[in-house]
Amino acid sequence: MNQRERMLAGLPYKAWLDGLEEERTACKKKIYRYNQIMPGQWAELDEALRELLGKAGKNAYIEPPFHCDYGWNIEVGDNFYANYNLTVLDVARVSVGNNVMLAPNVSIYTAGHPIHPASRNSGYEYGIPITIGDNVWIGGDVVILPGVTIGSNSVVGAGSVVSKDIPDWSLAAGNPCRVIRKITEEDRKYYYKDRVFDVEDY
């Protein structure tokens with residue numbers, strides 16, 4: 001098993017061997033192109049994003065600048081939107097569902113290093129997949145750590161550090177991120193805290 005295969009299997013691996021460094025360089029070139037496209041060039045942005053990601057559904061868009069390690073290890077569904085400065089360390093698979101919104105400065109880290117300095121100094125690192133379900137909103141400056149699953153229809157508040165799974169239909173926030181309460185049908189009538197919608201087409 002080479003280092004690329006070890007990386008994809010979630011085993012300790014060395015990131016500069018067996019073509020991995022060259023793959024990251026190729027990704028950086030694609031990212032450079034994406035981040036330099038003139039605003040408003042929607043077709044060119046869409047083409048560059050689909051060239052970069054492993055899978056992108058209908059109406060998928062990431063506001064430049066965007067950064068990732070490999071690109072092909074990221075899959076996003078329909079109506080995916082990420083605001084400025086999305087960073088994805090995709091040494092393991094990142095799977096995102098439909099109708100997901102990411103606020104600015106979200107960081108998704110599948111990558112990690114051993115805790116003990118002797119182990120860490122060996123150069124071995126690892127990646128554990130991250131999954132985000134459908135209809136999820138991730139607030140600004142959220143950090144999502146290796147191995148986390150965020151359930152469908154959930155909201156993660158700004159500034160959270162998500163180190164454990166978040167169940168479906170949860171409002172969660174904090175460092176470490178924890179479930180504050182369930183999202184219920186009662187929430188449908190509010191657009192912000194106790195402010196009720198004044199329209200009927202929502």
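Hi everyone, let's start with one residue: N83 is buried, because its relative accessible area is 18% and the cut-off for buried is under 20%. Before I go on, please keep in mind that what you see above is a predicted model.

So where does N83 sit in the chain? Look for the loop between strand 6, residues 81-82, and strand 7, residues 86-89; N83 is found there. And which residues does N83 touch, if we skip those up to four places away in sequence? The answer is E63, L102, A103 and P104.

Next, let's turn to the charged side chains. How many salt bridges does the count come to? It comes to seven. I'll walk you through some of them.

Take R33 and E51 to begin with. Their side chains meet in a salt bridge, with 3.5 Å from N to O. This pair links distant parts of the chain: R33 belongs to helix 2, residues 20-36, while E51 belongs to helix 3, residues 42-52, and the two are 18 residues apart. Are these two residues buried or exposed? Neither word quite fits: R33 counts as partly exposed at 28% relative accessibility, and E51 is partly exposed too, at 42%.

Staying in helix 3, we meet another pair, D46 and R50. They form a salt bridge whose closest N and O atoms are 2.9 Å apart. Why are D46 and R50 separated by about one helical turn? Because they are four residues apart in helix 3. D46 counts as partly exposed, with 30% relative accessibility, and R50 is partly exposed as well, with a relative accessible area of 35%.

One more pair for you: D187 forms a salt bridge with R181, and here the closest N and O atoms are 2.9 Å apart. R181 is partly exposed, its relative accessible area being 38%.

Let's finish with a sheet. A quick reminder for anyone new to this: strands of a sheet pair through backbone hydrogen bonds, in either a parallel or an antiparallel way. In our model there is an open sheet of three strands, in the order 1-12-11, and the pairing is antiparallel. Which strands lie at the edges? Strand 1, residues 13-14, and strand 11, residues 111-112, are the edge strands, since each pairs on one side only. Zooming in, strand 11 pairs with strand 12, residues 124-127, over two bridges in the antiparallel sense. If you'd like a spot to find on screen, try A111: its bridge partner in strand 12 is G127.

Thanks for listening!

Key: Residues are numbered from 1 along each chain as its sequence is written. This is a predicted model: local features need pLDDT of at least 70, side-chain atom pairs count only at pLDDT 80 or more; totals for chains, interfaces and linings use all residues. Side-chain values use heavy atoms; hydrogens and water are left out. A salt bridge is a side-chain nitrogen of Lys or Arg within 4 Å of a carboxyl oxygen of Asp or Glu. Buried means under 20% relative accessible area, exposed over 50%, partly exposed in between (1.4 Å probe, protein chains only). Two strands pair if DSSP finds at least two bridges between them. Contact means heavy atoms within 4.5 Å.
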